[in-house]
Amino acid sequence: MGACLALSSLASCASCLCGSAPCLLSACCPSTYNSTMSRLAFSFLMLLGTLVSVIMILPGMEEHLKKIPGFCVGGTSIPGIENKVNCDIIVGYKSVYRMCFAMACFFFLFSIIMIRVRSSKDPRAAIQNGFWFFKFLVLVGITVGAFFIPDGIFNTVWYYFGVVGSFIFIIIQLILLVDFAHSWTQSWLENAEEGNSKCWFAALLSVTILNFAAAFTAVVLFYVFYTKPDDCTEHKVFISLNFLFCIGVSIVSILPKVQEAQPSSGLLQASIISLYTMYVTWSAMTNNPNRQCNPSLLSLVQPSSPTPLPGPAPPTPPPANVQWWDAQGIVGLIIFLFCTLYASIRSSNNAQVNKLMQTEEGQGLTAAAETASDEEGVRRAVDNEEEGVTYSYSFFHFSLFLASLYIMMTLTNWYKPDSDYKVMQSSMPAVWVKICSSWLGLALYLWTLVAPLVLPDRDFS
């Protein structure tokens with residue numbers, strides 16, 4: 001009897017994994033829309049690949065793998081068994097490049113397949129919203145194949161792909177943050193109109209002041225640690241310009257003409273954009289190859305080593321494992337996770353952001369209970385795209401394609417492979433890519449503020 005129940009349970013799971021959407025939802029989960037579930041599932045695949053990349057790049061991973069008998073070339077061996085696995089490839093930055101190459105190929109393939117899908121009646125919509133087991137197998141297959149790519153010039157070429165893709169994804173992140181700030185302000189203003197207005201306005205003011213205070217503190221710290229009186233001219237220019245630009249867009253956001261055209265625009269959005277701009281500025285400066293202008297995080301929080309005592313020099317300690325993690329990389333991953341999740345569940349009423357992100361006005365995250373259950377009361381994802389898709393399938397996958405490249409660059413600190421492919425070097429092109437993306441992002445935010453004034457004949461409501 002138990003075996004029959006288990007088989008029936010597996011059959012129901014198989015119908016969800018191998019069939020088309022809508023899939024069964026857990027009874028404890030709220031009913032939701034098909035479009036939201038699909039985006040969350042693809043984002044989960046992205047996060048799963050990111051987790052694998054993080055594990056592969058952990059310090060000391062190669063030494064642990066070499067302890068497995070009969071596995072790594074040069075590691076512990078078993079008599080009669082030849083070690084054939086090159087663990088230098090499956091750990092470190094090379095493994096991250098290949099893992100993210102596989103994810104990028106996977107999402108770029110879907111971006112091509114899903115071009116001009118208009119509704120769930122299109123046969124390709126069934127591929128988008130179902131067959132998850134087979135899609136997972138495709139991703140695994142591409143990943144396995146990626147690890148057989150020889151070094152050659154692959155690492156260098158893929159580095160430049162990562163730089164360009166990350167530049168575009170930083171702009172997408174800023175657009176999502178603008179949309180989040182807009183939705184946040186709109187929600188709290190509506191709560192202020194319906195309830196205790198003083199409390200909600202005080203909360204809005206507090207968060208805005210906190211964001212601006214954090215951004216200003218960052219500027220002060222940048223001048224202290226990332227500039228020198230007679231050096232680091234580029235850093236001084238980057239910090240000063242971005243500080244002035246943030247002040248400029250903040251002033252524009254509260255001008256009477258702008259407020260009249262967009263009542264929901266205000267300082268909360270400007271404060272979030274300013275804080276994000278300071279993060280991008282910091283991230284750019286950490287890639288400067290001039291170590292006089294780019295102290296490591298360790299040297300910022302720990303005192304320098306004491307002066308050695310007279311006498312024979314102590315033996316040189318063995319070289320430590322390469323440490324890929326630093327503070328800006330961790331912050332970058334947190335922002336990436338937030339933006340990926342928000343892009344999957346966002347329900348925006350901002351027409352300008354929806355135009356940029358190829359989405360339509362949201363219907364909300366959850367579906368009505370009476371429309372989300374079948375005759376037996378089992379919850380299912382509701383197909384809300386029979387008349388038209390609520391987001392561009394192709395653009396969504398293209399965003400995840402860019403996100404794969406951004407993750408690759410973040411996990412490797414935007415370092416460039418050396419000519420012998422054994423070490424990584426920080427480079428100035430990465431600095432300029434990040435700085436230019438911060439300027440372009442600020443210009444894009446400024447355009448969302450002044451567009452209704454520049455083009456009064458267009459509907460920006």
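**Entry 1: α2 and α7**

I looked up how α2 and α7 lie, and they are roughly parallel to each other. Angles under 35 degrees count as roughly parallel, over 145 as roughly antiparallel, 65 to 115 as roughly perpendicular and the rest as oblique. Helix α2 covers residues 34-56 and packs on α7 at an angle of about 25°, with the axes 12 Å apart. Axes are lines fitted to C-alpha atoms, for helices over the stretch in contact, and angles run from 0 to 180 degrees between N-to-C directions. Helices (H or I, at least four residues) and strands (E, at least two) are DSSP runs, numbered from the N terminus.

I noted the hand of this crossing as right-handed. A crossing is left-handed if the near helix is turned anticlockwise from the far one by less than a right angle, and right-handed if clockwise.

Then I listed the contact, meaning heavy atoms within 4.5 Å. From α2 come Ser 38, Ala 41, Phe 42, Leu 45 and Leu 48, and they meet Trp 132, Lys 135, Phe 136 and Leu 139 of α7. By class, I have seven nonpolar, one polar and one charged residues for α2 with α7. Ala, Val, Leu, Ile, Met, Phe, Trp, Tyr, Cys and Pro count as nonpolar, Asp, Glu, Lys and Arg as charged, and the others, Gly among them, as polar.

**Entry 2: what I am reading**

I am working from a predicted model, where local features need pLDDT of at least 70 and side-chain atom pairs count only at pLDDT 80 or more, while totals for chains, interfaces and linings use all residues. Residues are numbered from 1 along each chain as its sequence is written, and side-chain values use heavy atoms, with hydrogens and water left out.

I looked up the whole protein chain next. It has 17 helices and two strands. Of its 461 residues, 45% are buried. Buried means under 20% relative accessible area, exposed over 50%, and partly exposed in between (1.4 Å probe, protein chains only). I also checked the contacts with a separation of 6 or more: residues 24 or more positions apart account for 77% of them.

**Entry 3: Val 140**

I stayed with α7 for one residue, since Val 140 is found there. Val 140 is partly exposed, at 30-something on the scale? I checked: the relative accessibility is 34%. Its C-alpha atom is separated by 9.8 Å from that of Met 99, and the two residues are 41 apart along the chain.

**Entry 4: α8 and α16**

I turned to helix α8 (residues 154-194) and helix α16 (residues 393-411). Their axes come within 7 Å and cross at roughly 115°. The crossing of α8 past α16 is left-handed. The contact residues of α8 include Trp 158, Tyr 159, Phe 161 and Gly 162, and those of α16 include Ser 399, Leu 402, Ala 403 and Tyr 406. I found 14 nonpolar, five polar and no charged residues in this contact.

Ala 192 is also in α8. I recorded Ala 192 as buried, at 4% relative accessibility. Leaving out residues up to four places away in sequence, Ala 192 touches Ser 197, Trp 200 and Phe 201. The C-alpha atoms of Ala 192 and Ala 202 are separated by 9.9 Å, with their positions 10 residues apart along the chain.

**Entry 5: α10 and α17**

I looked up helix α10 (residues 233-253) with helix α17 (residues 428-454). Their axes come within 10 Å and cross at roughly 10°. α10 and α17 are therefore roughly parallel to each other. Among the contact residues are Phe 238, Leu 241 and Asn 242 of α10, and Val 431, Trp 432 and Ile 435 of α17. I have 15 nonpolar, three polar and no charged residues here.

**Entry 6: α5 and α12**

I checked two helix lengths. The expected span is 1.5 Å times one less than the number of residues. Helix α5 (residues 92-113) has 22 residues and reaches 32 Å from first C-alpha to last, close to the expected 32 Å. Of those 22 residues, 17 are buried. Helix α12 (residues 267-285) has 19 residues that should span 27 Å, and its end C-alpha atoms are 27 Å apart, which agrees. In α12, 17 of 19 residues are buried.

**Entry 7: two positive phi values**

Most residues other than glycine have a negative phi. I noted Arg 116, not a glycine, with a positive phi of about 65°. Arg 116 sits in the loop between α5 and α6 and is exposed, at 61%. Phe 131 has a positive phi of about 55°. Phe 131 lies in the loop between α6 and α7 and is partly exposed, at 30%.
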